[in-house]
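Work through the exercises below with the sequence and the model side by side. Each task is followed by its solution.

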Amino acid sequence: MTLDFLALSNKYDTPLYVYDFDYIADRYHALKEAFSGQKSLINYAVKANSNLSVISHLAKMGAGADCVSIGEVKRAIIAGVDKYKIIFSGVGKKDEEIHEALKQDILLINLESEAEMKRVESVAASLGKEARISIRVNPNIDPKTHPYISTGLHDNKFGVEIDVAKRMYIYAKKSANLNPVGIHFHIGSQLTELEPIAEACGIVADLARTLKALEIDIRFFDVGGGLGVVYDNETTISVKEYADMIKEKTKGLDVTLLCEPGRYMVANSGYFLTKVLYEKRNDTKRFVVVDGAMNDLLRPSLYEAYHKIEALGNENEKTPTDVVGPVCESGDFLGKGVLLPQLNHNDLLIVHSAGAYGFSMSSNYNTRNRAAEVAVENGKDRLIRARETFEDLIALEKEFLV
Ligand SMILES: *Cc1c(COP(=O)(O)O)cnc(C)c1O
């Protein structure tokens, strides 16, 4: 579908996030279809794009949610995700968060250390409950992605080593307040090669077999997220090959396959719309200053991530320029060396692939109101988050002003 970016930018103003909900539906169905013939659940990784309407859109198709804070768990519940489809992951959880997750009776709490297991056990005991848990295994595989988004090496803070995991399962089985039913790995994000995932999957499937032999009843095999997407000219993993590989590696295990895609589901559904304020040149460089900034879309600053940037309908000769925002940081750029035509005040730029880790990483730095978010579905657009106002930003401070 072609979106009418100009009309949307005029109707809702800029900076603006626009998400193509039909694209998200296609992605969901393609992945779900790939797992056919096997019990499976797609747990959308809420952190990629936490907008309630995005979560709700996926929940209506049957998706579950992978959450990394109790706030995300609450978002998932409010958006209509069935509680028995919600997983609570993450490397650190406060007792209050564990307490709430147990009270909500979600599908799984995912553990990342022995210390965390003891906390969950103790909170479950105080509630007289048995916590359904899964353990995140760190298979020590190099996922061949950016070091900031690589999580499956022993250098990373995530998960536990195989031996530790085994010890934890044996402990949990004996505990009256822990019920170990899941096993989990997640080796990184923006993965474009199947091989490291297959290797990790094999290692973890072997551990699951060992556990079954110890009469630890693993019923959920969670392969994490991390499926890469096209930002530039990457070749990505075919979801069919991905799912076939997982089915093959888990053969005979009798488990429900869980998968936690975030970026895969939403990255290329999203566009960040920003308008040109003015051009600025010095001896060596050309800058285009726009009304969107690093507080809106952090990925370029944080990971030097590439996002394709286009000037709509302008076919004039293009020269390289840095696209920068108004924030007072040299790191505030949306693109460097972008080929763009001569631009005028209020010309529209489209930043592509902005649906994942875009708005959800945005901030109010420099007292900038966060952008509005719009969904387009079946050719119809609707606001799914209002643009913040200055009053919103100061509300929690104003009452204390003396
Ligand atoms: C971030 C994360 C995901 C989602 O990663 P994507 O690369 O967006 O698919 C899934 N599972 C866990 C545990 C995560 O931390």
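Helices (H or I, at least four residues) and strands (E, at least two) are DSSP runs, numbered from the N terminus. This is a predicted model, in which local features need pLDDT of at least 70, side-chain atom pairs count only at pLDDT 80 or more, and totals for chains, interfaces and linings use all residues. Residues are numbered from 1 along each chain as its sequence is written, and side-chain values use heavy atoms, with hydrogens and water left out.

**Exercise 1. Find the loop that holds Pro-15, and describe the peptide bond that joins Thr-14 and Pro-15.**

Step 1. Pro-15 sits in the loop between helix 1 (5-12) and strand 1 (16-20).
Step 2. The bond from Thr-14 to Pro-15 is cis, with omega about -5°.
Step 3. For background, most peptide bonds are trans, and most residues other than glycine have a negative phi.

**Exercise 2. Locate Asn-346 and give the sign of its phi.**

Step 1. The loop between strand 14 (333-341) and strand 15 (348-351) contains Asn-346.
Step 2. Asn-346 is not a glycine, yet its phi is positive, about 80°.

**Exercise 3. Count the helices and strands, and compare the radius of gyration of the chain with that of a compact globule.**

Step 1. The chain has 12 helices and 17 strands.
Step 2. The radius of gyration is taken over C-alpha atoms, and the globule rule is 2.2 Å times the number of residues to the power 0.38.
Step 3. For 402 residues a compact globule would have a value near 21 Å; the chain has 23 Å, which agrees.
Step 4. Along the principal axes, the C-alpha atoms fill a box of roughly 70 × 55 × 40 Å.

**Exercise 4. Trace the closed barrel and state the sense of its pairing.**

Step 1. Two strands pair if DSSP finds at least two bridges between them.
Step 2. Eight strands form the closed barrel in the order 2-3-4-5-6-7-8-9, with parallel pairing.
Step 3. Direction ignored, neighbouring strands of this sheet are turned by 30° against each other on average. Axes are lines fitted to C-alpha atoms, for helices over the stretch in contact, and angles run from 0 to 180 degrees between N-to-C directions.
Step 4. Three bridges pair strand 8 (residues 220-222) with strand 9 (residues 256-259) in the parallel sense. Asp-222 stands opposite Leu-258 in strand 9.
Step 5. Helix 7 (residues 162-174) packs on the sheet and touches strand 5 (108-111), strand 6 (131-136) and strand 7 (178-184); contact means heavy atoms within 4.5 Å. The direction of helix 7 makes about 150° with that of strand 7.

**Exercise 5. Describe how helix 6 packs with helix 7.**

Step 1. Helix 6 (residues 114-127) and helix 7 pack at about 15°, with their axes 11 Å apart.
Step 2. Helix 6 and helix 7 are therefore roughly parallel to each other (angles under 35 degrees count as roughly parallel, over 145 as roughly antiparallel, 65 to 115 as roughly perpendicular and the rest as oblique).
Step 3. Helix 6 contributes Glu-114, Met-117, Lys-118 and Glu-121 to the contact, and helix 7 contributes Val-164, Arg-167, Met-168, Tyr-171 and Ala-172.

**Exercise 6. Examine the hairpin of strand 16 and strand 17.**

Step 1. Strand 16 (residues 372-377) and strand 17 (residues 380-385) run antiparallel and are joined by five bridges.
Step 2. Val-376 stands opposite Asp-381 in strand 17.
Step 3. Two residues lie between the strands of this hairpin, and Asn-378 takes a positive phi near 50°.
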